[in-house]
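Dear colleague,

Please find the structure below, handed over for your use. A summary of what was found in it follows.

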Amino acid sequence: MTPRRLQAPGIGTSTARDPRTGRGPGARLLDLAITRAAARAAGPGGIRFTERQLYYETCRVLSPAATLLPRIPRTPAPPLRLPTFTRALEARGREAVEGLLPPAPSAPSRSLSAPDAAEPDLYAYGLPRLLVCQDGSIARMLLANHVHLEAACPVLATPDALPFDPRLVAALERAEGATVHVLHDASPEGIGIPARVRAALGPVPGVRVASIGLVPRHAATLRLPTGRGPAPAPQLEPWPPGLRPEEGAWLARGRFTQVAAVSPPRLVRTVLRLTREPRPPRNSMWSELRGLRTTGFLTWPAS
């Protein structure tokens with residue numbers, strides 16, 4: 001059963017204020033939680049992270065029992081409301097949080113790490129892999145942490161990438177066995193993005209589109225916070241390969257989990273591993289039965 005969404009203890013409810021700062025104990029508690037969350041989000045490698053990722057990490061700091069309970073798959077509600085977190089972050093000052101990325105520019109470029117018109121010769125080479133992210137802020141975060149360099153994989157955001165530049169499609173085809181990895185939310189819209197990417201590519205031989213998640217069972221196994229949108233949500237027809245009927249029912253109830261809910265160190269580690277893995281051999285009748293593995297659906301919890 002999904003627990004009720006609660007305020008963090010004392011946040012916004014206490015009248016006792018520090019005469020020096022004018023802040024109550026609840027505000028100080030939340031400020032300490034944000035400090036702890038920023039350190040956890042950065043990890044030992046000094047990872048950069050987005051404001052939404054910091055919000056979810058703060059939720060984990062305020063709900064330590066969520067990681068201590070037995071590993072029963074579940075998707076809890078966030079213990080902290082986003083507006084409360086945003087007000088606390090503004091009072092603290094975003095620039096005072098080490099590792100926090102600045103807000104996205106108002107007019108983002110069409111492609112985040114793909115070659116642009118100033119370097120057209122780069123399109124003359126084969127492109128063996130490409131990563132397309134549903135969330136532009138996640139794409140920016142991966143770029144800020146040099147994932148595109150370590151994985152030798154350009155990173156694009158769906159709003160900026162589709163429709164694909166014809167030169168980019170030609171570079172994928174030239175690689176003779178390229179893979180377009182799609183990183184999306186566990187939501188009705190996110191689940192449908194791999195099909196949109198496939199349609200945008202068109203009939204390009206030898207280019208595979210692979211979902212690397214999230215899907216609802218990732219969210220449950222990793223115990224990620226979940227939101228709830230309008231219900232019933234539009235049902236996807238046909239179901240994507242590997243999606244279970246109970247996951248479809250979960251999505252139809254308006255439930256969703258964002259990629260930003262994954263801790264930044266785990267996200268970077270998982271994306272690097274999945275994008276750098278060699279492409280599996282062509283699917284046969286037997287490998288179709290193991291389609292969850294080839295689509296990446298079972299890879300997150302072990303990362």
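Which residue's side chain meets that of D165 in a salt bridge? The partner is R167, with N and O 3.0 Å apart. R167 itself is partly exposed, because its relative accessibility is 33%. Please bear in mind throughout that this is a predicted model.

Overall composition

The chain contains 15 helices and 6 strands. Of its 303 residues, 48% are buried. The accessible surface of the chain amounts to about 15,500 Å², and carbon and sulfur atoms account for 59% of that area. As for contacts between residues at least 6 apart in sequence, 80% of them join residues at least 24 apart.

Salt bridges

The count of salt bridges comes to 7. One of them joins R40 and E57, whose closest N and O atoms lie 3.2 Å apart. This pair links distant parts of the chain: R40 belongs to helix α1 (residues 25–42) and E57 to helix α2 (residues 51–62), with their positions 17 residues apart in the numbering. The two partners differ in their surroundings. R40 has a relative accessibility of 31% and therefore counts as partly exposed, whereas E57, at 2%, counts as buried. R40 and E57 also belong to a network of salt bridges that includes R60.

A further salt bridge is formed by the side chains of E90 and R94, at 3.8 Å from N to O. E90 is partly exposed, since its relative accessibility is 49%. R94 is likewise classed as partly exposed, with a value of 27%.

Nonpolar cores

The largest nonpolar core is made up of 55 residues. Those with the most contacts inside this core are F49, L54, L131, L142, L183 and L267. Several elements each supply at least two of its residues: the helices α1, α2, α4 (82–92), α5 (136–144), α12 (245–252) and α13 (264–276), together with β1 (129–133) and β2 (155–157). The largest share, 7 residues, is supplied by α1. Helix α1 thus appears twice in this account, as it also carries R40 of the salt bridge to E57.

There is also a second core, separate from the one above, with 19 residues. Among them are L127, L156, L162 and I193.

Helix α10

I193 of the second core also lies in helix α10 (residues 193–201), where I193, P194, V197 and L201 are buried. How are these buried residues arranged around the helix? Seen down the axis of α10, they fall within an arc of 105°, so they line one face of the helix. On the other side of α10, A195 and A199 are exposed.

The buried residues of α10 pack against several elements of the chain. These are the strands β1, β3 (179–183) and β4 (208–211), and the helices α7 (158–161), α8 (166–174) and α9 (188–191). Strand β1 is therefore a point of reference for two parts of this message, because it packs against the buried residues of α10 and supplies at least two residues to the largest nonpolar core. Just after α10, G202 adopts a positive phi of about 80°.

With kind regards

Notes:
Residues numbered from 1 in each chain as written. Predicted model: local features only at pLDDT ≥ 70, side-chain atom pairs only at ≥ 80, totals over all residues. Heavy atoms only, no water. Salt bridge = Lys/Arg side-chain N within 4 Å of Asp/Glu carboxyl O. Helix = DSSP H or I, 4+ residues; strand = E, 2+ residues; numbered from the N terminus. Buried < 20%, exposed > 50% of the residue type's maximum accessible area, 1.4 Å probe, protein only. Contact = heavy atoms within 4.5 Å. Areas by Shrake-Rupley, 256 points an atom, 1.4 Å probe, with all protein chains shown as cover. Core = buried A, V, L, I, M, F, W, Y, C linked by side-chain atoms within 4.5 Å. Arc of directions from axis to C-beta.
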